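Thank you for asking me to look over this entry with a newcomer in mind. My comments follow as numbered points, after the sequence and structure.

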Amino acid sequence: MKAKVFQKIAIKMTMENKGQVAVQPHLEMGPLEDGAMHDLDDECLYSSEMDAQKTHPIHSNQPVLFSGLPVGGNKMTRNGVYKSIKTVVFSNKLNLLMPFGPLAIMVHKMTASNGWVFFLSLLGITPLAERLGYATEQLAFFTGPTVGGLLNATFGNATELIISIYALKSGMTRVVQLSLLGSILSNMLLVLGWAFFCGGLVHYGKEQVFSKATAVVNSGLLLMAVMGLLFPAVLHYTHTERHVGKSELALSRFSSCVMLLAYAAYLVFQLKSHKDSYVPVGEEGSLNGENDDDDEAPEISKWESIIWLAIMTAWISILSDYLVDTIEGASDAWNVPVAFISVILLPIIGNAAEHASAIMFAMKDKLDISLGVAIGSSTQISMFGIPFCVVIGWIMGQEMDLNFQLFETATLFITVIVVAFFLQEGTSNYFKGLMLILCYLIVAASFFVHEDPVAADQVSTIAYGSIAYKYKAKLHLLPTFLVSLTTAACS
């Protein structure tokens with residue numbers, strides 16, 4: 001039995017070495033038995049090149065290419081690439097929306113219909129965001145549950161961050177604020193709500209359990225983020241700035257640096273000092289050697305996952321440029337507020353990866369991973385995404401601050417309080433999920449009827465600027481006119 005174990009270890013080490021052929025373990029252990037080979041086929045998922053090496057061991061007298069692969073390795077590589085494309089691109093029906101991305105670019109080049117370009121770009125980004133989450137899940141097989149949840153949250157937020165950077169580049173700081181706020185609200189209410197609801201229906205009649213300690217830590221970080229957003233808004237609306245127009249921006253930049261420092265400390269806390277506290281509930285048995293019956297194997301390799309992540313991110317970046325450029329045109333064409341598009345529509349598309357992942361893990365009774373995706377994503381956006389955009393805007397010369405206005409800040413504060421109450425017991429069921437979904441519907445309706453005061457101020461500023469420019473030549477006559485009017489009134 002020990003010999004078989006050592007044989008398996010030797011074969012795994014052989015397969016992991018890129019382009020290197022390990023001959024010595026086979027010579028020492030001898031030929032593999034048929035039963036051991038079938039066990040390896042059940043436990044591991046290798047590419048076609050690796051399968052060829054397993055079935056036909058390479059001996060020292062066999063001709064080998066410089067790369068370490070036998071003759072015919074190029075054909076095997078082509079087969080591996082075809083298999084990877086088939087697995088990632090053609091395995092999901094949602095990918096039927098992928099052609100809408102190039103179609104959006106064509107419509108933008110041929111016509112000036114911003115509404116259609118925005119709509120087609122939105123449809124084109126949807127499957128890309130979902131496939132981004134899929135590639136992240138595949139990469140998580142090689143990193144463990146804690147780092148996997150962090151990767152899910154990070155690349156799940158890549159769409160929003162890319163859109164935000166392009167919006168900052170265009171000077172649309174208000175769109176950045178609203179889209180990031182909408183991402184937090186969507187993750188905490190809609191994504192978490194659907195995860196609780198679907199998980200509760202699948203496991204009907206019982207309450208699912210998750211780690212209360214990790215939920216409390218994330219709730220504390222979200223409340224800290226609310227504090228960072230609240231004080232600039234309070235400073236603005238109480239008119240208590242020491243330096244009008246400067247104190248609010250300076251406080252926002254200082255608070256952003258503090259929030260980034262706090263998030264870095266949280267990563268150390270999660271991944272290093274207290275990583276045992278983040279072991280999902282029910283996983284202790286698997287750590288002690290008791291494997292679950294429903295263990296899954298990755299469908300693509302680690303490097304394939306990384307390459308697909310890079311491809312999807314680049315394609316999302318291209319479509320995000322068209323999406324940002326047509327937001328205001330789509331708002332005028334559809335007669336829909338920009339705030340509703342930024343807070344509701346954009347985050348729903350951007351959170352497609354988190355949405356699918358959180359529901360899938362909740363249905364498998366792995367709520368800790370679902371919380372790591374939904375609440376972890378909200379924590380990352382609030383403690384990293386928003387401060388990061390403030391710093392990037394600082395570098396670009398854009399005056400983005402943490403004053404999200406009174407209505408938006410109050411909405412975030414109430415949402416964090418509601419979700420914290422739902423998480424304090426460490427259990428979930430379908431009713432809690434339904435309540436979170438209904439809360440999100442109330443938020444969506446509120447932003448549909450909400451008039452953004454910043455947009456109104458910008459319109460007034462533009463109108464005033466045009467009037468001042470029109471009568472600029474006559475402004476020097478104003479003092480003379482006032483003196484004449486005063487003299488006439490006195491006489």
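## Notes on the predicted model

1. Among the contacts in the protein with a separation of 6 or more, 82% are accounted for by residues 24 or more positions apart. The model is a predicted one, and the values below should be read with that in mind.

2. For general orientation, the secondary structure of the protein comes to 22 helices and 2 strands. Of its 491 residues, 45% count as buried, and the accessible surface comes to about 25800 Å², with 66% of that surface belonging to carbon and sulfur atoms.

3. How many salt bridges does a search of the whole structure find? The search gives 4, and several of them deserve a closer look. As general background, side chains of opposite charge can pair when their charged atoms come close. In one of these bridges, the side chains of R174 and E408 meet with an N to O distance of 3.0 Å. Because R174 lies in helix α10 (residues 173-202) and E408 in helix α19 (residues 406-423), the pair ties together parts of the protein that are 234 residues apart in sequence. Both R174 and E408 are buried.

4. R174 also forms a salt bridge with D452, where the closest N and O atoms are 2.9 Å apart. This pair, too, links distant parts of the chain, since R174 belongs to helix α10 while D452 sits in the loop between α20 and α21 (453-470), 278 residues apart. R174 counts as buried because its relative accessibility is 9%, under the 20% cut-off, and D452 counts as buried for the corresponding reason, its relative accessibility being 8%.

5. A further salt bridge joins K206 to D365, with the closest N and O atoms 3.1 Å apart. Here the linked parts are loops: K206 is in the one between α10 and β1 (208-209), and D365 is in the one between α17 (352-363) and α18 (367-396), with their positions 159 residues apart in the chain. Are K206 and D365 buried or partly exposed? K206 is partly exposed, with a relative accessible area of 41%, and D365 is also partly exposed, at 29%. Returning to the bridges as a set, those that share partners join R174, E408 and D452 into one network.

6. Helix α12 (residues 247-273) allows a check on geometry. At 1.5 Å a residue, its 27 residues should span 39 Å, and the C-alpha atoms at its ends are 37 Å apart, so the expected span and the model agree. The buried residues of α12 include S247, E248 and L249, and further along the helix M259, A262, Y263, Y266 and Q270 are likewise among them. As a general point, an α-helix has 3.6 residues a turn, so residues three or four places apart point the same way.

7. One of these α12 residues, A262, also has a partner in another helix. M224 lies in helix α11 (residues 212-237), and the C-alpha atoms of M224 and A262, which are 38 residues apart along the chain, are separated by 9.4 Å. Leaving aside neighbours within four places in sequence, M224 is in contact with V258, A262 and M383. M224 is itself partly exposed, because its relative accessible area of 30% falls between the limits of 20% and 50%.

8. On the surface, L201, Y204, Y430, F431, L434, M435, L438 and L441 form a nonpolar patch, with about 780 Å² of accessible area together. Which helix gives the most to the nonpolar patch? Helix α20 (residues 430-448) does, with 6 residues. L434 is found in that helix, and its relative accessible area of 32% makes it partly exposed.

9. Q138 offers a contrasting setting, as this residue of helix α7 (residues 114-140) is buried, with a relative accessible area of 5%. Not counting residues up to four places away in sequence, Q138 touches P298, E299, I300 and S305.

10. Finally, a word on cysteines. In general, a disulfide is a covalent bond between the sulfur atoms of two cysteines. With the requirement that two cysteine sulfur atoms lie within 2.5 Å, the count comes to 0 disulfides. C257 counts as partly exposed, at 39% relative accessibility, and C439 counts as partly exposed at 25%.

Note on methods. Residues are numbered from 1 along each chain as its sequence is written. This is a predicted model: local features need pLDDT of at least 70, side-chain atom pairs count only at pLDDT 80 or more; totals for chains, interfaces and linings use all residues. Side-chain values use heavy atoms; hydrogens and water are left out. Buried means under 20% relative accessible area, exposed over 50%, partly exposed in between (1.4 Å probe, protein chains only). Helices (H or I, at least four residues) and strands (E, at least two) are DSSP runs, numbered from the N terminus. Contact means heavy atoms within 4.5 Å. Patches are made of residues with over 30% relative accessible area and no salt bridge: like charges are joined within 9 Å, nonpolar side chains (Val, Leu, Ile, Met, Phe, Trp, Tyr) within 5 Å. Accessible areas come from the Shrake-Rupley method with a 1.4 Å probe; for residues, only the protein chains shown count as cover. The expected span of a helix is 1.5 Å times one less than its number of residues.
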